[in-house]
Amino acid sequence: MKIGDLVELSAKGKALKYCKEFVGMLGIISGLDFSVEDFAGKAWYYVDWCGGKKQSPHMREDLKYAAKK
């Protein structure tokens, strides 16, 4: 994934309590962060959710590309 991609929550993301408010929403990747030391180089993707709070961080496993509707 790269900045500007349209995303939604994956099945794993929908199961997380943290992501409950984003179920059914679309978002745009607005930033990446590789500097978190606790996750051994895994990236955090910052998502601007349409109708939700801005700059919400998620791991790659929590997101998928948005389906065309």
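Phe34 counts as exposed because its relative accessibility is 53%; exposed means over 50% relative accessible area, buried under 20%, and partly exposed in between, with a 1.4 Å probe and protein chains only. The structure is a predicted model, in which local features need pLDDT of at least 70 and side-chain atom pairs count only at pLDDT 80 or more, while totals for chains, interfaces and linings use all residues. Residues are numbered from 1 along each chain as its sequence is written, and side-chain values use heavy atoms, with hydrogens and water left out.

**Overall organisation**

The protein chain contains one helix and five strands, arranged from the N terminus as β-α-β-β-β-β. Helices (H or I, at least four residues) and strands (E, at least two) are DSSP runs, numbered from the N terminus. Of the 69 residues in the protein chain, 32% are buried. The chain exposes about 4,500 Å², of which carbon and sulfur atoms supply 58%; accessible areas come from the Shrake-Rupley method with a 1.4 Å probe, and for residues only the protein chains shown count as cover. Contacts (heavy atoms within 4.5 Å) between residues at least 6 apart in sequence join residues at least 24 apart in 45% of cases.

**Strand pairing**

Two strands pair if DSSP finds at least two bridges between them. The pairings of E2 are as follows.

| Strand pair | Sense | Bridges | A bridge partner of Gly27 |
|---|---|---|---|
| E1 (residues 6–9) and E2 | antiparallel | two | Val7 in E1 |
| E2 and E3 | antiparallel | six | Trp49 in E3 |

Gly27 of E2 thus stands opposite Val7 and is also the bridge partner of Trp49 in E3.

**Surface patch**

Phe34 lies in the loop between strand E2 (27–33) and strand E3 (44–49). Together with Ile3 and Leu32, Phe34 makes a nonpolar surface patch of about 310 Å². Patches are made of residues with over 30% relative accessible area and no salt bridge; like charges are joined within 9 Å, and nonpolar side chains (Val, Leu, Ile, Met, Phe, Trp, Tyr) within 5 Å.

**Salt bridge**

One salt bridge is found in a search of the whole structure, the term denoting a side-chain nitrogen of Lys or Arg within 4 Å of a carboxyl oxygen of Asp or Glu. The side chains of Lys2 and Asp5 form a salt bridge with an N to O distance of 3.4 Å. Asp5 is buried, because its relative accessible area is 11%, whereas Lys2 is exposed at 54%.
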